[in-house]
Amino acid sequence: MRVVSWNVNGLRSAHGKGFLPWLASAKAQVVGVQEVRARADQLPDEVRTPSRWKTHFNPAERPGYSGVGLFSRQEPDEMETRLGVPAMDSEGRLQLARFGKLTVANVYFPNGNGKDRDLSRIPFKLDFYRRLFSALEKPLRDGGRVLVMGDFNTAHQDIDLARPRENRETSGFRPEEREELDRWLRAGWVDTFRHFQKDGGHYSWWSQRFGVREKNIGWRIDYVLASPGAMAYVKRAAIHPDVSGSDHCPVSVDLDPAVR
């Protein structure tokens, strides 16, 4: 059972760059996308309701901003999109989908930068992390099978970006952001990619400046975290830098189908 996460940097834009052929070939049962930047009724029919897929979208109230979407081969048994904080829920950043015994959280974590790249959104970002952590604390503690996937907007360690020394004061690699991700891992969440791959040089986001992606000057800010209950079923984890169409690339995990 393959579960995939991808920040598409605008689903309509990604559609024009081959999203549907990629979706058909991804061999996935669940695909979560972030930064959809559109309401469902603004998407082409073939993207909103592709053949043989069930779809759900949680858009932001602000037009052309944020938003998440879920494509799944089977209809989720349950779907929740709110943390109960209006300022967060209005940004369309969350889908909690249950498939039998497996819960998949598709999440677009906030960026810490304000309009002028002034770090003013870091408190909001950290509050979002903490409220989601609290919402998932009980299933984690009870041994539930939970995956939290998406654009976390944080590189965890030096190994997770090409130029750590130059970015220590940049949102996405500041100490308080990294510490919040540390807290998740200390609580028992497993960084699935790092569980299998200890080496550096593996990134999921690159600046759109000319030549940056070709030189692999990137950041690993897209993750699939697994609760211990789910990690027991994870067979492999991967990053797919060969997939274009966005400034991010997809990340995935393969699980034993018995996880459900």
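Lining the largest cavity are N58, T81, L83, M88, D89, G92, R93, L94 and F128. Here a cavity is a set of points, on a 1 Å grid over the protein atoms alone, where a 1.4 Å probe fits but cannot get out, and a lining residue has an atom within 4 Å of a point. This is a predicted model, where local features need pLDDT of at least 70 and side-chain atom pairs count only at pLDDT 80 or more, while totals for chains, interfaces and linings use all residues. Residues are numbered from 1 along each chain as its sequence is written, and side-chain values use heavy atoms, with hydrogens and water left out.

In total there are 2 cavities of 30 Å³ or more. A volume is the space filled by probe spheres set on the points, with grid points joined across faces, edges and corners. The second largest cavity is lined by residues including T192, F193, R220, D222 and Y223. Helix 7 (192-196), strand 12 (222-226), strand 13 (234-239) and strand 14 (251-255) each give two or more residues to that lining. Helices (H or I, at least four residues) and strands (E, at least two) are DSSP runs, numbered from the N terminus.

Then there's the open space. A pocket is an open set of grid points with protein on both sides within 12 Å along at least five of seven lines. The largest pocket is lined by 43 residues, with N111, N113, R117, N153 and W205 lying nearest its centre. Strand 10 (205-206) and strand 11 (218-219) are the elements that give two or more residues to the lining of this pocket.

Here are the volumes and lining classes, counting Ala, Val, Leu, Ile, Met, Phe, Trp, Tyr, Cys and Pro as nonpolar, Asp, Glu, Lys and Arg as charged, and the others, Gly among them, as polar.

| Space | Volume | Lining by class |
|---|---|---|
| Largest cavity | about 40 Å³ | 4 nonpolar, 3 polar, 2 charged residues |
| Second largest cavity | about 40 Å³ | 7 nonpolar, 2 polar, 2 charged residues |
| Largest pocket | about 1100 Å³ | 12 nonpolar, 17 polar, 14 charged residues |

Now for the sheets. One is an open sheet of 6 strands in the order 3-4-2-1-14-13, with mixed pairing. Two strands pair if DSSP finds at least two bridges between them. Strand 3 (54-58) and strand 13 are at the edges with a single partner strand each, so one side of each has no neighbour in the sheet. On average, neighbouring strands of this sheet are turned by 10° against each other, direction ignored. Inside the sheet, strand 2 (residues 30-34) and strand 4 (residues 68-72) pair in the antiparallel sense over 5 bridges, and Q34 sits opposite V68 in strand 4.

The other open sheet of 6 strands runs 5-6-7-8-12-9, also with mixed pairing. Its edge strands, strand 5 (78-80) and strand 9 (190-191), each pair on one side only. Strand 6 (residues 94-99) and strand 7 (residues 102-108) run antiparallel, joined by 6 bridges, and L94 has V107 as its bridge partner in strand 7.

Helix 5 lies across strand 6, strand 7 and strand 8 (145-151), running at about 165° to strand 8. Helix 6 packs on the sheet too, touching strand 8, strand 9 and strand 12, and its direction makes about 25° with that of strand 12. Axes are lines fitted to C-alpha atoms, for helices over the stretch in contact, and angles run from 0 to 180 degrees between N-to-C directions.

Those helices also meet each other. Helix 5 (residues 122-141) and helix 6 (residues 175-187) pack at about 5° with their axes 11 Å apart, and are therefore roughly parallel to each other (angles under 35 degrees count as such). Contact means heavy atoms within 4.5 Å; among the residues that meet are I122, L126 and F133 in helix 5 and L181, R183 and W184 in helix 6. By class, this helix contact has 10 nonpolar, no polar and 6 charged residues.

Definitions and conventions:
Angles under 35 degrees count as roughly parallel, over 145 as roughly antiparallel, 65 to 115 as roughly perpendicular and the rest as oblique.
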